Every structure is written in structure tokens, then in C-alpha cells.
Amino acid sequence: MQPPLLLDLRRVTVPRRLAAISAQVPPGSLIHIIGPNGAGKSTLLACIAGLMPSAGEITLLDRPVGQWHGADLALRRGYLCQQAVPGTAMPVFQYLMLHQPRNADETAVDRCVGYLAAALSLADKLDRPLSRLSGGEWQRVRLTAVFLQIWPAINPLGRLLLLDEPAAGLDIAQRVALDALLAEVRAAGLGVLVCAHDLNHTLHHAGRVWLMSSGAMAAQGGVGRVMRPEILSPVFGVDFTLLQAGERPWLVASGSTLPPRRTFSGAF
């Protein structure tokens, strides 16, 4: 029996950016969206989040994304955009409170903030103004906020997490912590979509992969199907080799380059 669909994309199109993207997301899945710069990854994620107009159909929980009221949509999906600037002296804890789910129990929210802040090494920075954070600290605050928005213990309606390059600015320990938090929300049945650039991290951690090229879906499927040199090399314009080191495979890019595949003229 096919698992129920959390998210269904049917011929999603944005002029000059996306060309007829079709894909599905079942509950509990971790899907990495990969591709060169300008492939349309961030555009696709913004369309799914309901923040960019598109043609075609994007259905969340059997309801078109455009038909969700903003407050109801925020209870069901969290979205981390690629770049954001704090630009304020608001303390971290106050910023996080702006992202707590509507009508959530205050005691449970406090416990959740403490748990997430500890996991992402922010416990000693909750009183710090946003304007005094480093780039990596600000990224961890943003991650804490989006997790707080859909965290199952305080928001049973949370279903989908959309993350655009969430590991930017994180060190290795913080990336491990992020992976652990993603495993927790997936275990609760949430679907997770991640725009990613580290191909070996995708190779080792993703459940499924959407490979994008010039606004089109070049390939999609399980890691073993998509993360192969003959699939990746034409898209990235780099000659990849798949090597075995210890118990894990690794993708290594050689110095030679190949002409990148062109699938949708004018996309960026």
C-alpha cells in the first residue's frame, strides 16, 4: 500500500525559473534538493512554502497551499529561507517567542526552548541582542525558531519543515546536532525538505533526492538511484568518482569539467 501523501506537486511552474516540477512527499521523509547555483532550488522551496506565486498545483494535506489561511499554514509548515538579516537589538528569547505556535502551553514552550537551545548551543545566548550575534549564532537562532514553530510536543498540527541551506555557518558539531533534531521531527511523522550543497552529506543522510538543473527536475528518487557520477556529472559540469572509504561511499570531484546539462532555458 502506498503511504499517504503529505505534499503533492503537479507541474509547478514559475516563468523563467521553474519548468513543470512534479513530485510527492510522504510523511516522515527526508528529501534533499540539490543542484548547481541557479538551478531553482530556493524558488521551489518558496513556492511550496506558499510565499511565491506559481502555476500548477501544490497540495498540502489534500488542500492547495494557496487556500490555507496564513496563520493555519504557519501551524502546519515551518520555512527557513536562505538568507535573513537580524537588523534589531531584540534579545534572542524574545525573537523565539515570536515563533511559538499559537495557543501553545507556556510551560511546554519554555521546556521546548530550553531543549532546542541546548541542542544548538544557544543556552547562554538567550539574553543576547540579535545584533550582537555572529553569523553562525544567528543561523542557529533561526533554526531554533523554525523548529519551535512546528515542534511536535507543542504543536501537534506541524507536518512539514522546509529548510534552505540550514547548515550554512554551522560547525561539524552543530551540523550533527541539526541532523539529530531532524531525525526527531521525522520520527514524529513530519516531512522534511532541505536545499543542500554538500553532496556527501546528502549521500549519507538523505532518504530521497531531488536533483534540479536549470529550473527542471533532472532526476528524483532514492539516494542509490540519484547520487551516481553518471547522473550528477552532466548536471554539475564536474567529473565525479564514487569511492569507498571505510563503510561509506564518497563522491570525489576531479579537476576535469564537463559541459553542464541545459534543461530549461532562462531559469535562474
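This is a guided tour of a predicted model, arranged as a series of selections to make in the viewer.

**The whole chain**

Begin with the entire protein chain in a cartoon display. It contains nine helices and twelve strands. Its C-alpha atoms fill a box of roughly 55 × 45 × 40 Å along the principal axes. The radius of gyration of the protein chain is 19 Å, which agrees with the value near 18 Å for a compact globule of 268 residues. Of these 268 residues, 48% are buried. Among contacts with a separation of 6 or more, 68% join residues 24 or more positions apart in the protein chain.

**Strand 8 and its partners**

Select residues 191-195, which form strand 8. Five of the five residues in this strand are buried. In a regular strand, side chains alternate between the two faces of the sheet. Which residues of strand 8 lie on each side? G191, L193 and C195 are on one side, V192 and V194 are on the other, and both faces are covered.

Next, add residues 30-34, the residues of strand 3. Strand 3 and strand 8 are parallel and pair over four bridges. To find the register in the viewer, select L30, which stands opposite V192 in strand 8.

Now add residues 160-164, which make up strand 7. Strand 7 also runs parallel to strand 8, and five bridges join the two. Here L160 is the residue that stands opposite G191.

Finally, show residues 172-187, which are helix 6. Together, strand 7, helix 6 and strand 8 make a β-α-β unit that is right-handed.

**The largest nonpolar core**

In soluble globular proteins, nonpolar side chains tend to be buried together. The largest nonpolar core in this model has 54 residues. Select V141, F147, L161 and M227 to display the residues with the most contacts inside this core. Helix 5, residues 135-150, gives the most to the core, with eight residues.

Focus next on F147 and show its neighbours. Leaving aside residues up to four places away in sequence, F147 touches L116, L161, L178, L181, L182 and V185. Another core, of 29 residues, lies apart from the largest one, and L6, V14, A39 and M212 are among its members.

**T202 in helix 7**

Move to residues 199-205, helix 7, and select T202 within it. Is T202 buried or exposed? T202 is buried, and its relative accessible area is 0%. With residues up to four places away in sequence not counted, T202 touches H32, I34, A196, V209, V223 and M227.

**Helix 1 and the cysteines**

Select residues 41-48, which form helix 1. Seven of the eight residues in this helix are buried, so helix 1 is largely enclosed by the rest of the structure. The buried residues are K41, T43, L44, L45, A46, C47 and I48. After helix 1 comes G50, which has a positive phi, near 85 degrees.

Return to C47 within the helix. C47 is buried, with a relative accessible area of 2%. A second cysteine to select is C112, also buried, with a relative accessible area of 5%.

A disulfide is a covalent bond between the sulfur atoms of two cysteines. Why does C47 not form one with C195? The closest cysteine sulfur to that of C47 is the one in C195, and it is 11 Å away, too far for a bond. The cut-off for a disulfide is a pair of cysteine sulfur atoms within 2.5 Å. By this rule, the count of disulfides comes to zero.

**The loop after strand 4**

The last stop is the loop between strand 4 (55-60) and strand 5 (63-64), where L61 lies. D62 is found in the loop between these strands as well. Most residues other than glycine have a negative phi. L61, although not a glycine, has a positive phi of about 55 degrees. D62 is not a glycine either, and its phi is positive, at about 65 degrees.

How exposed are these two residues? L61 counts as partly exposed at 31% relative accessibility, whereas D62 counts as exposed at 72%.

Technical notes
Residues are numbered from 1 along each chain as its sequence is written. This is a predicted model: local features need pLDDT of at least 70, side-chain atom pairs count only at pLDDT 80 or more; totals for chains, interfaces and linings use all residues. Side-chain values use heavy atoms; hydrogens and water are left out. Buried means under 20% relative accessible area, exposed over 50%, partly exposed in between (1.4 Å probe, protein chains only). Two strands pair if DSSP finds at least two bridges between them. A crossover is right-handed if, with the strands pointing away from the viewer, the path from the first strand over the helix to the second runs clockwise. A nonpolar core is a set of buried Ala, Val, Leu, Ile, Met, Phe, Trp, Tyr and Cys residues joined through side-chain atoms within 4.5 Å. Contact means heavy atoms within 4.5 Å. The radius of gyration is taken over C-alpha atoms; the globule rule is 2.2 Å times the number of residues to the power 0.38.
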